Amino acid sequence: VTALRGAHRSRSSAIRRAALGAGLVIAWVVGSTLGVTTPVAPKHAAATPLFQIEPAHAGFTPALDGTEPVFILVLGSDARPGETITGERADSIHIVALNAAKGRATILGFPRDSWVPIPGVGTNKINSAMVDGGPALMVKTIESLTGLHMDYWALTWFDGFEAMINEIGGLQMVVPFALHDSYAHADLEPGKQVLNGHDALAFARTRHALPEGDFGRSEDQGRLMLAALAQFQREFQQDPAAVFKWLGAGMRNARTDIPLDQLMTLAFTGANLDGRHVTNVVVPGSAGMSGNISIVNLDMTKLAAMSKDMGKDGLLAKKNVPPSPNASLLASS
Amino acid sequence: LAARTKTPPPVNRSERRSHGKKRKAPLALIVVPVVLIGAAIALVLVLTGNGDTIGHIIHVGGGGEPIPAFDFKAAKVTPIGTAEDADLSALQPKAEAAARATVPVLDDVFSGAFLDPNNWKDGSYDSAFEHFSDAASASASGPGLPTITLGAAAGDTYDTVSPSKGSINFDVLFDRDGNAFSVAAHVKFYALAQRKDDTYVAIVSHGVMFLRNTGGSWQVVGFEMKRNDHETEAPAASTSAGPSASSTSTGASGAS
């Protein structure tokens, strides 16, 4: 009986508490609905903050982080307006090797007149591989020459390159020495400047003003890539969405087999590369003749050593970095 | 009410029985109508969206506390084509549709990260990261937590948090087939937090969130976010009596 009474008291108490709670809820809802307000005196921030507030930053982008290097064959077609972009000679040829884990990269240029075996064709100038088989044969040729597997290729052309530079708003770079070359429409003074598409193309094409001709030009093309990387990184720091502007300008004016999602990942990876640790070199060699054709004989011993070195991690050890073909100009500028 | 909750004086059995009988009928009469009326009022308010003062509370989270309503305002939308012959005017409506689709995702993210008291009072923000990719979620809930959310110790610091305003500019990247591939959302989010010592902090979160269309739904795959919180004065007239509803003075932004 006592237990039952206790239970009865407990139920009554619970009902009272429920009624109290429900009453408060109803009062709050009705009061709120009718606009009943509670006057609150304005409060002012304390003269001395009681809490320390610091600006904060958090960033994450889906960049590559693996130890496996990524190799991309970057090509420039000699196609003029109206010509088939993939059916003309590739006069600009570079392997870009990216080591995301180390935040480093290598740009390895090949002179366009390099006399090399082209799979299924025979020995010829390396740039003719594109005429014979487009970017795919260029990839095969470079792979058989170096033993390095190309993960992707990307190809631009005269008009595409010029438009690309204009669409990113020009390219800021330090022109390392004066370049005056009527063949390339180049009339550039040394120093830091913003090149428009026309001038950037002229910089990329100039070889008559360089002591080592196409070797020096190939290095300068790598120099343009480094300037673009630096500018991209500056813009990314200010506004990470700049990556879209660069991807748009790049893809509208280039062809590639890199899927867009991978391209985005590569772009985010590039944003974190240390430009000071990107090695820009050209395969050494010497000018020669094959019959009445002027050619470049690559230094195959050095190329083999460089390829083997890059195959490990995409990077070149100091001992395998050849001297700059523009060294004399750089020294005097 | 105080009298009802007071411990009753000792009575004999018959008094106790008669006391119980006397109380039984009035309690039932009070409780049932009160609950019914309350439920009816709540139902009307939910269905009509009426009532300015509680209109900011849209739903109740898993922890049971109401979450202040918040909607980002979608501002400028810029399409970015990747096809050689990309026609930006043709891409514009598609870009706007993509932007619209990402707004509810970002509403959820920022509500979960800053406004849901069921999250910030516990310092647990899982619901804020439901729309994140695994990698982005790991970063946001790890080293990014103090910036992306109100922080692990917010429950010890704040009493209430209410939204002020939020806007987003969008860059929409298209693939070469003209499909919206990725969205860069330039986010500006402002809220007002009241500390336990009755001082106020303007919560300012801004930056870029990258979203990808993953099989029909948009997912946050990356972010570059900053916080610039600062001391601020109390709102001129805090009018609401409801919990976490002090946003009436600052007001949530309009629907996107």
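What share of the 256 residues in chain B is buried? In this predicted model, buried residues make up 48% of chain B. The chain has seven helices and eight strands. Contacts across the sequence were also counted. Of the contacts in chain B with a separation of 6 or more, 64% come from residues 24 or more positions apart. The surface that chain B exposes is about 12000 Å². Carbon and sulfur atoms supply 55% of that surface.

Chain A has 333 residues, and 49% of them are buried. Nine helices and 15 strands were assigned to chain A. Among its contacts between residues at least 6 apart in sequence, 64% join residues at least 24 apart. Its accessible surface comes to about 15500 Å². Carbon and sulfur atoms account for 56% of this area.

Confidence was examined along chain A. The mean pLDDT of chain A is 87, and 84% of its residues reach 70 or more. Residues 1–11 of chain A have a pLDDT below 50. Beyond near neighbours in sequence, that stretch has five contacts in the model. Residues 24–50 of chain A also have a pLDDT below 50. Here the model shows 37 contacts beyond near neighbours in sequence.

Helix α6 of chain A spans residues 242–252. Nine of its eleven residues are buried, so the helix is largely enclosed by the rest of the structure. The buried residues are Ala242(A), Val243(A), Phe244(A), Trp246(A), Leu247(A), Gly248(A), Ala249(A), Gly250(A) and Met251(A). Two of these, Phe244(A) and Trp246(A), belong to an aromatic cluster. The other members of that cluster are Phe232(A), Phe236(A), Phe268(A) and Phe210(B).

Aromatic pairs total 15 over all chains. One of them joins Phe70(B) and Phe72(B) in an edge-to-face arrangement. Their ring centres are 4.7 Å apart, with 80° between the planes. Both Phe70(B) and Phe72(B) are buried. Charged side chains also lie over aromatic rings. Arg255(A) sits over the face of Trp157(A), at 5.6 Å from the ring centre. In chain B, Lys165(B) lies over the face of Tyr190(B), at 5.2 Å from the ring centre.

Several residues of chain B were then followed one by one. Phe174(B) is found in strand β4, residues 158–174. Its relative accessible area is 1%, so Phe174(B) is buried. Which residues does Phe174(B) contact, leaving aside neighbours within four places in sequence? One of them is in chain A: Leu260(A). In chain B the contacts are Pro79(B), Ile80(B), Gly81(B), Thr82(B), Leu91(B), Lys94(B), Ala95(B), Asn179(B), Ala180(B) and Phe181(B). Phe174(B) and Leu91(B) are 83 residues apart in sequence. In space, their C-alpha atoms are 8.2 Å apart.

Arg195(B) lies in strand β5, residues 180–195 of chain B. With a relative accessible area of 1%, Arg195(B) is buried. Its side chain makes a polar contact of 3.0 Å with the side chain of Glu231(B).

Asp229(B) occupies the loop between β7 (217–227) and β8 (230–232) of chain B. Why does Asp229(B) count as buried? Its relative accessibility is 14%, and the cut-off for buried is under 20%. The side chain of Asp229(B) reaches the backbone nitrogen of Val204(B) at 3.0 Å. A polar contact of 2.6 Å also joins the side chains of Asp229(B) and Arg227(B). Beyond its neighbours within four places in sequence, Asp229(B) touches Val201(B), Ala202(B), Ile203(B) and Val204(B), together with Ile53(A) of chain A.

Backbone angles were also examined. Most residues other than glycine have a negative phi. His185(A) has a positive value, near 60°. This residue is placed in the loop between β9 (179–181) and β10 (186–188) of chain A. His185(A) is exposed, with a relative accessible area of 51%. Asp198(B) also has a positive phi, near 70°. The loop that holds Asp198(B) runs between β5 and β6 (200–214) of chain B. At a relative accessible area of 31%, Asp198(B) is partly exposed.

Key:
Residues numbered from 1 in each chain as written. Chains lettered and ligands numbered in written order. Heavy atoms only, no water. pLDDT = per-residue confidence, 0-100. Contact = heavy atoms within 4.5 Å. Phe/Tyr/Trp six-rings, centres within 6.5 Å; stacked < 30°, edge-to-face > 60°. Buried < 20%, exposed > 50% of the residue type's maximum accessible area, 1.4 Å probe, protein only. Lys NZ or Arg CZ within 6 Å of the ring centre and 35° of its normal. Helix = DSSP H or I, 4+ residues; strand = E, 2+ residues; numbered from the N terminus. Polar contact = N/O pair within 3.5 Å; in protein donor to acceptor, adjacent residues only side chain to side chain. Areas by Shrake-Rupley, 256 points an atom, 1.4 Å probe, with all protein chains shown as cover.
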